[in-house]
Amino acid sequence: MDNLKAELLRGLWYVACPGAEIKPGAMTGKKLMGDMVLLGRDKAGKVFALRDICPHRGIPLRHGKFDGETVQCCYHGWRFDTAGVCVDIPSTHEDQTIDFSKITCGAYPVVEQQGLIWVYFAANGESPEEGRQPQPPMLPDFSVDQGPALHIMQHFVCSVDHAALGLMDPTHAAFVHTSWWFKKNAAKLRPKRKLFEPSELGWAMVRHKLPPQNIAYKLLGDDVTTEIRYMLPGLRIEHIKGSKHSVVGLTTITPVSEDETEVRQMFWASMGWIGPFKPLIRHLMNVFLGQDRRVVIQQREGLEYNPKLMLINDADTQGRWWMQLKREWSASQAEGREFVNPVRGRELRWMS
Ligand code: FES
Ligand SMILES: [Fe+2]
């Protein structure tokens with residue numbers, strides 16, 4: 001493992017941004033997965049994703065204009081439809097017969113569901129129609145049109161691997177998340193035992209009961225249980241369910257490049273009354289995620305020297321699974337065979 005850079009897995013769907021960030025008739029350029037991506041929404045409300053590089057002379061299309069139907073490059077005015085196909089070259093005179101439809105800037109498959117825009121990054125040589133992961137994952141209990149109640153994003157100056165290892169690390173909380181409202185006492189760590197099993201493109205902490213004395217969980221009704229899934233390419237899905245309500249928390253790690261990531265945290269809730277509490281909840285989520293972000297900034301000082309790192313049992317077993325999953329994903333792709341989940345179910349124990 002290169003400590004500063006990570007291999008970027010292709011043949012998978014990645015969260016680009018919440019749908020609410022792109023209004024009809026608007027476009028925005030983003031670097032994702034080391035590529036320049038132009039995200040937009042046409043005037044009918046449909047999202048699109050193009051390669052943000054003009055095929056004429058390479059200027060990013062984001063500097064041009066979008067009229068709700070076509071994107072016009074700012075340099076010589078070539079226009080592209082939302083599938084990336086050239087529809088006009090203003091300089092062509094009447095005797096010229098250029099077949100515009102043969103010119104394209106390239107487009108990415110894109111899906112908007114549950115309030116998020118997902119972009120598919122195909123493997124080299126793979127046609128998107130026969131993509132390995134046919135659709136982005138749907139979150140349980142919420143409809144395809146229901147967006148998150150709350151969403152935050154922070155930019156992490158680390159590779160997707162270190163962001164992911166931090167995300168699935170059960171033992172840093174007592175040392176990193178030290179706000180009084182969350183604080184776990186680092187001097188009084190308690191034994192934990194959790195059962196894990198393989199699940200789609202990853203593994204799950206098997207559904208188990210949450211402490212009934214916890215007031216926050218009581219709001220969801222009786223018999224509150226949770227299941228936490230981790231899956232490629234860097235998703236954590238927590239599904240908390242009670243007799244009255246359910247909440248789904250989603251964390252996504254989208255690589256900007258090999259050494260930078262966007263980490264998003266959001267949740268969906270079936271209770272209608274959280275509206276007034278949103279500013280406070282958003283603040284707390286930002287403080288919490290900011291603590292993880294601060295650690296990776298500090299960690300980078302050491303990683304610059306590319307030290308040999310350790311993943312120990314059982315605290316870092318999930319980290320090992322992450323690395324194994326990534327390796328298997330790449331190997332199965334290179335060898336043109338089915339992906340075989342390398343995770344074997346077992347109980348993990350640690351102090352936290
Ligand atoms: S560079 Fe885009 S039209 Fe010339
Ligand atoms: Fe954390």
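**Figure 1. Asp223 and Leu201, two loop residues of the predicted model with positive phi.** Asp223 has a positive phi of about 50 degrees although it is not a glycine. Asp223 is exposed, with a relative accessible area of 57%. Its place is in the loop between helix 3 (215-218) and strand 15. Leu201 also departs from the glycine case: its phi is positive, near 55 degrees, in a residue other than glycine. Leu201 lies in the loop between strand 13 and strand 14. At 10% relative accessibility, Leu201 counts as buried. The model shown here and in the other views is predicted.

**Figure 2. Strand 13 and its two partner strands.** Strand 13 and strand 14 form a hairpin with two residues between them. These strands run antiparallel and are joined by four bridges. Within this pairing, Phe196 stands opposite Met205 of strand 14. Strand 13 is also joined to strand 19 by six bridges, and these two strands run antiparallel. There, Pro191 has Met351 in strand 19 as its bridge partner.

**Figure 3. Helix 5 and its surroundings.** Helix 5 comprises 18 residues, 317-334, which should span 26 Å at 1.5 Å a residue; the end C-alpha atoms are 26 Å apart, so the expected and computed values agree. The buried residues of helix 5 include Trp321, Trp322, Met323, Leu325 and Trp329. Lys326 and Glu328 are also among the buried residues of this helix. The elements that cover the buried residues include strand 1 (12-18), helix 1 (160-167), strand 13 (191-199) and strand 14 (202-209). Strand 15 (225-231) and strand 19 (346-351) also belong to this cover. Just after helix 5, Gly336 takes a positive phi of about 65 degrees.

**Figure 4. Helix 4 and the elements against which it packs.** The 26 residues of helix 4 (residues 278-303) should span 38 Å at 1.5 Å a residue; the end C-alpha atoms are 36 Å apart, which agrees. The buried residues of helix 4 are Met285, Leu289, Gln291, Asp292, Val296 and Leu303. They pack against strand 12 (150-156), helix 1, helix 2 (173-176) and strand 18 (260-269). An α-helix has 3.6 residues a turn, so residues three or four places apart point the same way.

**Figure 5. The site of the iron ion (ligand 2).** The iron ion (ligand 2) is coordinated by NE2 of His172, NE2 of His177 and two OD atoms of Asp292, at 2.1 to 2.7 Å. Along the chain, the donors follow the spacing H-x4-H-x114-D. Both His172 and His177 are buried, and Asp292 is one of the buried residues of helix 4. The angles among the four donor atoms range from 53 to 149 degrees, and the site is irregular.

**Figure 6. Two open sheets of four strands.** One open sheet has its four strands in the order 2-3-4-9, with antiparallel pairing. Strand 2 (27-32) and strand 9 (107-108) stand at the edges, each with a single partner strand, so one side of each has no neighbour in the sheet. Inside this sheet, strand 3 (residues 35-41) and strand 4 (residues 47-51) run antiparallel and are joined by five bridges. In strand 4, Phe48 is the bridge partner of Gly40. Another open sheet of four strands has the order 5-6-7-8, again with antiparallel pairing. Its edge strands are strand 5 (65-66) and strand 8 (86-88), each of which pairs on one side only. Strand 6 (residues 70-72) and strand 7 (residues 79-81) pair in the antiparallel sense over three bridges. The bridge partner of Gln72 is Arg79 in strand 7.

**Figure 7. Cysteines without disulfides.** A disulfide is a covalent bond between the sulfur atoms of two cysteines. The structure holds zero disulfides. Cys105 is in no disulfide, and the nearest cysteine sulfur, that of Cys54, is 7.8 Å away. A disulfide requires the two sulfur atoms to lie within 2.5 Å. Cys105 counts as buried at 6% relative accessibility, and Cys73 is buried with a relative accessible area of 5%.

**Figure 8. Two cis peptide bonds.** Leu232 and Pro233 are joined by a cis peptide bond with omega of about 5 degrees. Pro233 is found in the loop between strand 15 and strand 16 (235-241). A cis peptide bond also joins Asn313 and Asp314, with omega of about -20 degrees. Asp314 lies in the loop between helix 4 and helix 5.

Terms used
Residues are numbered from 1 along each chain as its sequence is written. Chains are lettered from A and ligands numbered from 1 in the order in which they are written. This is a predicted model: local features need pLDDT of at least 70, side-chain atom pairs count only at pLDDT 80 or more; totals for chains, interfaces and linings use all residues. Side-chain values use heavy atoms; hydrogens and water are left out. The expected span of a helix is 1.5 Å times one less than its number of residues. Buried means under 20% relative accessible area, exposed over 50%, partly exposed in between (1.4 Å probe, protein chains only). Contact means heavy atoms within 4.5 Å. Two strands pair if DSSP finds at least two bridges between them. Donors are N, O and S atoms within 2.8 Å of the metal (3.2 Å for Na, K and Ca); water is not among the atoms, so sites may look incomplete. Four donors count as tetrahedral if all angles lie between 85 and 135 degrees; four count as square planar and six as octahedral if opposite donors are over 155 degrees apart and all others between 65 and 115; anything else is irregular.
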